[in-house]
Amino acid sequence: NPGVRCAAYEVLIEKISIRAMKISYRMKLLESGLCDRHPSVKGACINLIKKWVSYYENDMVKLLKALDVEGKVDLCGDVIVEILNHVHIDTAVECLLSRMQNKVIPCDQLTCENVFYWRCIVAHCADKHLEIYDKILPTLSDYSKYLKEYIVLASSIPADDYDAHYQAAYVIQELIKMAKLADMSDEAGRKNLIEVAKYIITEAETTVQSIERLVELYCLAEVNEQSRIKTVAEIINDVRNPLEGDTQFDVNCIESCEKNDPVTMIRCLTMVSGLIQNVKCDVAFDPTLSVLLEDVVMSGVVSQNEIVRHLSIKALGLSCILSKTLSKKYLVFFLQVVMVDNYAEILETSLKVIFDLFLVFGIEAFEEDEKKVEENKEDQPKDEETLSQNSSQETLFGTEDSLSDKMSATKLEDPEDPLGAAKETVSFADQVISKFKEFLDDEVLRSVSAEGIAKLMYNGRLVDAQLFSRLLLLWYNPITEGDPLRHCLGMFFSTFGANNEDMLDVVEQAFFPTLQTICDAPHTSPLLEINPVNVAELMLSLLRGRHHEQIAIKMCNEILVGPNSTYGRCLVKTLQQCSVLTGEQSNLKLIHNLVEQIVEEVEHASTKKSLNSYLVKLQSFIIQPEEQNDKENSSMINTSQHSTSTQGSEKSTKRKALFATPSQPIDLLDTIT
């Protein structure tokens, strides 16, 4: 109840101080309030924030110290945005300017809170308050020197001071984010920023998170795409091959000196991922990126270290999104990773890659490729020479067979069909859908699978009634209570099928199987806690027009099969929710006759009573034969009278048009009529 939630926030505003609450409780209040869909609740939460701001005398940095800036960056950003929307900009900037010298906060005074607030103010003023923007951010060249100065200062922190290292890493990330808000039209400033970014990336003390941000910053400063690819590739090569002096080494010596330890690989793979996210060219056709893919990424895929393997999967997935050729080559590999690997993050990332590839290219693109491979197989001779040539075309993850063959290979052999005789009749799309259903049953992959399926269906890349039914049951299932998945599915169902008739057919096909699954759930199933009538009402709300009439007719037939069963009683309650009263007369009469049969079969008196009332309502909207004839005759008479009067008025209008000058121009359409 939004009224209860509003009242709770009002009590907090009036009676409870911010000092009386733990940080975790404060963050939970802010998250619940700012994310609430009801505007009155969100407004009450904003009033609570105002109360906290006044408690700290408009010093937003002190307020941020009372929150969890490091752990809840996005939420704290939302809090600052709301404050800036309700506080005068001069008041908001005052607490920042008091901490600044020469447009920057001194390096030795930087904290997580003041650098975060600084970055938020700069982002707010970049477009709206340019005069203030110039006061709180130096030129790009000066900022580059300032960034390097703090990096040098952070490198002097004692190794055993973990809190200081953590804070320094956070500050560096915020400073890098803020550099992206600087004026990049300054060419000299961009050159200085590029040099500083290259220097920081090569420093051994730089954290992985900072490296990713720095590569993104470097790519923003370096306009030429080929130059940025070449430079990052050279940095990666220097990190993996730290050769000193001018001594010339042959290839074998270089390979023997190449560093493949986990720390080095993590740094290099992070740079590769950051680079690929900031280029637009096809990785398969760029020579430098292809070398990075083979030399760095593919060597990390087979690593025993889980973090290295995870970063390699991520980099390979990003490469495939930019290249349809690579996506077709490695799609089944990602599926194999999901089936074989034991590391949760690797499983989730691999599955996300699969969904992203289908979302970008469509399932049909991979199915077309499979058909071409099958056609080529039929055309090729089966002699020994050809077989030996085919055997040489093996890739790192198997032969270049059809995707259907590869996906089938990931399944265990069916004991009833050991030769796989039925495999040829199953399309690639059907196999994909079958795999998705398996993933929905996996506790680790359930959330990622459901979100990916929802995205594919929302964008029209996937149409399947069974998967829609599974998503609906997941949304209502008590085991997903408190799971962020519910929010995702809620948004999906609220907009599903709005402008797509095919998607409405999916809802209609999923209607009865979904309700049947709930009603037939075993006593140990959590589905028993779901009210099937609520589920039916949701599906009916997604449908309209003819779908309601078709559902109602099918529903009546389903009820007649078992009118006194749990499933039958559920359908009886749902039947009256169908919008059929204004539908076609033939359907209305059919539904009326079917309901009369249901009344005779139903045993419960209350159900009979409600159905009889429904019959009366249906009867009132059915036009009787004599009424239909009267209506048709009346319509014909009215049409004849209207035609006669129209002809008379046309003649009168023509006479007036010929012998009189009208006060307004005559409408050509009226004259033609």
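**Close-up 1. Glu57 in the loop between α3 and α4 of this predicted model.** Helix α3 covers residues 39-55 and α4 covers 60-65, and Glu57 sits in the loop that joins them. Here's the oddity: Glu57 isn't a glycine, yet its phi is positive, at about 55 degrees. Most residues other than glycine have a negative phi. The residue is also exposed, because its relative accessible area is 68% and the bar for exposed is over 50%.

**Close-up 2. Asn58, in the loop between α3 and α4.** Asn58 has a positive phi too, about 60 degrees, and again it's not a glycine. Is Asn58 buried, partly exposed or exposed? With 34% relative accessibility, Asn58 counts as partly exposed.

**Close-up 3. Helix α9, end to end and packed in.** How far apart are the end C-alpha atoms of α9? They're 23 Å apart, which agrees with the 22 Å that 16 residues (140-155) should span at 1.5 Å a residue. Plenty to look at along the helix: Leu140, Ser141, Tyr143, Ser144, Tyr146, Leu147, Tyr150, Ile151 and Ala154 are buried. Residues three or four places apart in an α-helix point the same way, because there are 3.6 residues a turn. The cover over the buried residues of α9 includes α7 (112-128), α10 (162-179) and α11 (187-202).

**Close-up 4. Ser273 and what it touches.** Ser273 belongs to helix α15, which runs over residues 262-276. It counts as buried, because its relative accessibility is 2% and the cut-off is under 20%. Leaving aside residues up to four places away in sequence, Ser273 touches Leu311, Lys314, Ala315 and Leu318.

Key. Residues are numbered from 1 along each chain as its sequence is written. This is a predicted model: local features need pLDDT of at least 70, side-chain atom pairs count only at pLDDT 80 or more; totals for chains, interfaces and linings use all residues. Side-chain values use heavy atoms; hydrogens and water are left out. Helices (H or I, at least four residues) and strands (E, at least two) are DSSP runs, numbered from the N terminus. Buried means under 20% relative accessible area, exposed over 50%, partly exposed in between (1.4 Å probe, protein chains only). The expected span of a helix is 1.5 Å times one less than its number of residues. Contact means heavy atoms within 4.5 Å.
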